[in-house]
Each structure stands twice: as C-alpha cells, then as structure tokens.
Amino acid sequence: MPGSRIRYDRTGCKHPSDLRKFVGAIIWDRSSGYVFVHKKVLHHTMRRELDTLEGKNRRSFDQSLAASPALGKRWTREDFQQPPVDCAANLIGSTFLWNGCGGVVVETEAYAEFGDEACHTFVRTRARDFVRNEHAGTIYAYLNYGVHWLFNVLTRHESSNGFVLLRAIEPTSGIEEMRNRRGKDRLRDLCSGPGKLTQALAIGPSCHGGNIAGRGLPKQTGFYGRSSQIVLSDTRIGISKAADLPWRFLLKDSQFVSRKLSNQ
C-alpha cells in the first residue's frame, strides 16, 4: 500500500521495471535511504538517474516521506514527560527529521537534573533555570568546546527531569543536502556523532529554546514513531564525571553509532 515500508532485496531487482509492483511505495535501502519519486521507484544502482531528477521531484519525495504513515505518529510534549533515562531509550528507533533532513535515531544519552555531575544543571544556573521554566520537549542547544552545537531535548517527570542528547542517526532523508554540508560522501560519516549530526542537519543556536514537540512545527520536523527493536545501554562518552552511569543507548547492530559498545 502507498506509504508502507517494504524491506528491499537488492539481489531481486536489476532494473526499475522490476519494481512496478512497488509503485507508490517507499522502499527502504540501508545504503541509500528511502527512494521515492512521484509514482516511480528507482533501483539503488541507478544513481545517475536519481541524481539528475528535477528538484521538484526531490521536494515531492521529502514531503511524501514526512507525511508517510511509515513514520508513525509525531512525538508530542506529553511523550517527553518521562524521566530522561526512559526517554533516551524510547527514542531509539524513532525517526528524527529537521526541515526534511534526518533519519532513524540510533544513539542517545540521558542526563539527569539532580545527582548527575555530567549534567549542565550541576554547575550552571542557567541550565537549572531552563529546566524549571521550560516545557517538556523544549530544545536545549549549546556549543561544545567552542566547536560543535549539540542538540538536546528537555524531559520532565515527577520522579526526574533532565535532558536527552541526540548522538547519532542513520540517514534516510535529505541525504544529498547532508553530504554537501558535511563534505562527506559515505552515509556512515554524515551523522555518526552529535557534532556531525548538527552540522549535517544545519542545527545551530537559533533553535535553542524552541519546541520540537509543540504545535506549529513544519511537517518535516520532529520525532516520529517508536520502535520495538533491541536497545542496548553503555556508559556515556566524552565526560570525566559520572562516567560510570550506563546512560548511553544504542540500536543493536547499527553501523551508524558514534562508537560501538565498550565491551566490543
């Protein structure tokens, strides 16, 4: 049915005509992402034809992808009303889009308002004020070591408030735009780290304090759906305090995480 997600067997189709039965569907190919152009589906080896498509066809693809039932329901503020550790785990396998670019969330980290020395609230008054005054689902963006902007979402719950850091996604939409921004060609190099991710998606300081789950968001922006896939946990990366907490979450067997499990 149109908009359904179909597992694509590369070896079964050698020409676009072989894909006639998939007309109007979204094909999921791990090497190139979703490929959907009006009513014509192209094989992943037809890169030249795909690259020469008119811009209006590519825009049609992005609009169809963002509105597709395959993405699932967009997360609301209520969905972020849970402890940060739970939210970080639950976001794995969802789809994150930012102005039409994005992909499947494969890695996150949780930071708790209290008792977590690695969280900004432990040392920064402004961070504590942010948690106290803002709604769940509010974006918390900051410049890390003066180099990369990092994208976090505020979570609120009676048992624990905090942040979820978006660490890595598997690119599926707006891939050419992300390649241009990153200056990289391999999918693995586009969003396999929190700084790479914000560069690829053109996320910067202007988003700080905005809502990722409130009303008025564009159709191509937000977190969509949930996953029943296996989620693994590991210690967080790049911190010296509270480094033993297993609050980094990864999609099992994903090749798009910033770093594999520490015991592998």
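Is A112 buried or exposed? A112 is buried, with a relative accessible area of 4%; buried means under 20% relative accessible area, exposed over 50% and partly exposed in between, with a 1.4 Å probe and protein chains only.

The model is predicted: local features need pLDDT of at least 70, side-chain atom pairs count only at pLDDT 80 or more, and totals for chains, interfaces and linings use all residues. Residues are numbered from 1 along each chain as its sequence is written, and side-chain values use heavy atoms, with hydrogens and water left out.

**View 1. Surroundings of A112 in strand 5.** Helices (H or I, at least four residues) and strands (E, at least two) are DSSP runs, numbered from the N terminus. Leaving aside residues up to four places away in sequence, A112 touches P84, C119, T121, S160, N161, G162 and W247, where contact means heavy atoms within 4.5 Å. The C-alpha atoms of A112 and V164 are separated by 8.9 Å, and these two residues are 52 residues apart along the chain.

**View 2. The largest nonpolar core, with 43 residues.** A nonpolar core is a set of buried Ala, Val, Leu, Ile, Met, Phe, Trp, Tyr and Cys residues joined through side-chain atoms within 4.5 Å. The residues with the most contacts inside this core are F80, F96, W98, F151, L201, I212 and F223. Strand 5 (residues 101–112) supplies the largest share of the core, 6 residues. Another core, of 13 residues, lies apart from it and includes Y111, A127, Y140 and L154. In soluble globular proteins, nonpolar side chains tend to be buried together.

**View 3. Ring pairs made by F223 with F80 and F96.** The structure holds 10 aromatic pairs. Rings of Phe, Tyr and Trp (its six-membered ring) pair if their centres lie within 6.5 Å; planes under 30 degrees apart count as stacked, over 60 as edge-to-face and the rest as tilted. The ring centres of F80 and F223 are 5.9 Å apart with planes at 65°, so this pair is edge-to-face. F80 lies in the loop between helix 2 (55–67) and helix 3 (84–91), and F223 in strand 9 (residues 222–224), so the pair ties together parts 143 residues apart in sequence. For F96 and F223, the centres are 4.6 Å apart and the planes at 40°, so that pair is tilted. F96 is in strand 4 (residues 95–98), 127 residues from F223 along the chain. Both F96 and F223 are buried, and F80 is buried as well.

**View 4. The aromatic cluster and R226.** Ring pairs join W75, F80, F96, W98, F151 and F223 into a cluster. R226 lies over the face of W75, at 4.4 Å from the ring centre. A charge sits over a ring if NZ of Lys or CZ of Arg is within 6 Å of the ring centre and within 35 degrees of the ring normal.
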